[in-house]
Amino acid sequence: MSQPGPEASAEERRQARKPIPKPVPAYLPTAGSPLTVDKTTYETIQAADRELLEEFTIPIRSGKAWEVPRGCVVRITTPEGPQVGDLNIWNRHNPRERFWASRTRQLHASHVSTHDRLWSCLPYMRPLATIVHDSLAWYGEDEHGGRAHDLLGTRCDPYVNAVLAGTRYDFHCHSNLVRAVAPWGLVESDVHDVLNIFQVTGLDAQGRYFMNPSPAQKGDALEFLAEQDLLMALSMSHFSPSHPSSLLATVGF
């Protein structure tokens, strides 16, 4: 029986729709693939002693950029309590090579965790960093479909507020990132879609994006191994009762 055409009603077309097999992920790791991480090696790196190279705190409503040599581990933690942050990454020597959130989402998942990699844009298409530790890995999927460390959404910015609400505010994550990278000669157009760390997000039954409070508590952390020489920039969320504190970042080798 042929499928009804566009002249049929929506209900007729729905009823005639053929069953669809359970989908298979578009990209699955295979032996030797860059998607296949040598977990033993990365777990050894994560557990090894480190020499502290740099440590700093990022207060609310601000951002900071810093350089990370290849082979170093970056640890971002919540020293006081729940908080979220928007992370951008570039190749330190070539800012045209930068984090590609949508490809990372395709290759791994809408929310990333331990042993997922953060990939760069075309034509480079290689890992910029690999997650080696995630203290929120236990969170999984909550009763609303929310997960932690978001790649579905992007940074807040002053333009969407102006368009939707007619208000002006200059301490959105986008603005904080723009200011943070200016000393490296980067401009507003260099700021790109982010990894929203510690943020729980998902899609509701109608496919609409939602955000829930971060489950991070004092001392929760996300750690990355730099696969290239990197420039990283992190913006802090504005103050809210659910995200009242700062973020602490350390770089170790």
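Me: Hi! What is the relative accessible area of Glu67?

Reply: Glu67 has a relative accessible area of 39%, so the residue is partly exposed. (Buried means under 20% relative accessible area, exposed over 50% and partly exposed in between, with a 1.4 Å probe and protein chains only.) This is a predicted model, in which local features need pLDDT of at least 70 and side-chain atom pairs count only at pLDDT 80 or more, while totals for chains, interfaces and linings use all residues. Residues are numbered from 1 along each chain as its sequence is written, and side-chain values use heavy atoms, leaving out hydrogens and water.

Me: Thanks! Which side chain does Glu67 meet in a salt bridge?

Reply: Arg92, at 2.9 Å from N to O. (A salt bridge is a side-chain nitrogen of Lys or Arg within 4 Å of a carboxyl oxygen of Asp or Glu.) Glu67 lies in strand β2 and Arg92 in the loop between β4 and β5 (94-98), so the pair ties together parts that are 25 residues apart in sequence. (Helices, H or I with at least four residues, and strands, E with at least two, are DSSP runs numbered from the N terminus.) Arg92 is partly exposed too, at 29%.

Me: How many salt bridges does the count come to?

Reply: Nine by this rule. Among them, Arg208 pairs with Asp204 at 2.8 Å, N to O. Arg50, Arg75 and Glu223 are joined into one network by salt bridges that share partners. Another links Arg14 and Glu11 at 3.0 Å, N to O.

Me: Where do Arg14 and Glu11 lie?

Reply: Both are in helix α1 (residues 10-16), three residues apart, which is about one turn of the helix. In general, an α-helix has 3.6 residues a turn, so residues three or four places apart point the same way. Arg14 is partly exposed at 49%, and Glu11 is partly exposed at 39%.

Me: New topic: which side chain of opposite charge is nearest to Asp86?

Reply: Arg155, 6.8 Å away; Asp86 is buried and has no salt bridge. (Lys and Arg count as positive, Asp and Glu as negative; His and the chain ends are not counted.) Asp86 sits in strand β4 (residues 85-91). Setting aside neighbours within four places in sequence, its contacts include Arg155, Cys173 and Leu177. (Contact means heavy atoms within 4.5 Å.)

Me: How many residues of helix α5 are buried?

Reply: Seven of the nine in α5 (residues 173-181), so this helix is largely enclosed by the rest of the structure. Cys173 and Leu177 are among the buried ones. The cover over the buried residues includes β2 (63-68), β4, α4 (158-165) and β12 (230-236).

Me: And Pro158, buried or exposed?

Reply: Buried, with a relative accessible area of 18%. Pro158 is in helix α4. Beyond neighbours within four places in sequence, Pro158 is in contact with Tyr169, His172, His174 and Ser175. The C-alpha atoms of Pro158 and Tyr169 are 6.0 Å apart, with their positions eleven residues apart in sequence counted as the separation.

Me: Last one: where is Gly219?

Reply: Gly219 is in the loop between β10 (209-212) and β11 (221-226). Gly219 is partly exposed, at 41%. Its C-alpha is 5.4 Å from that of Pro79, although the two are 140 residues apart along the chain. Leaving aside neighbours within four places in sequence, Gly219 is in contact with Arg75, Thr77 and Thr78.
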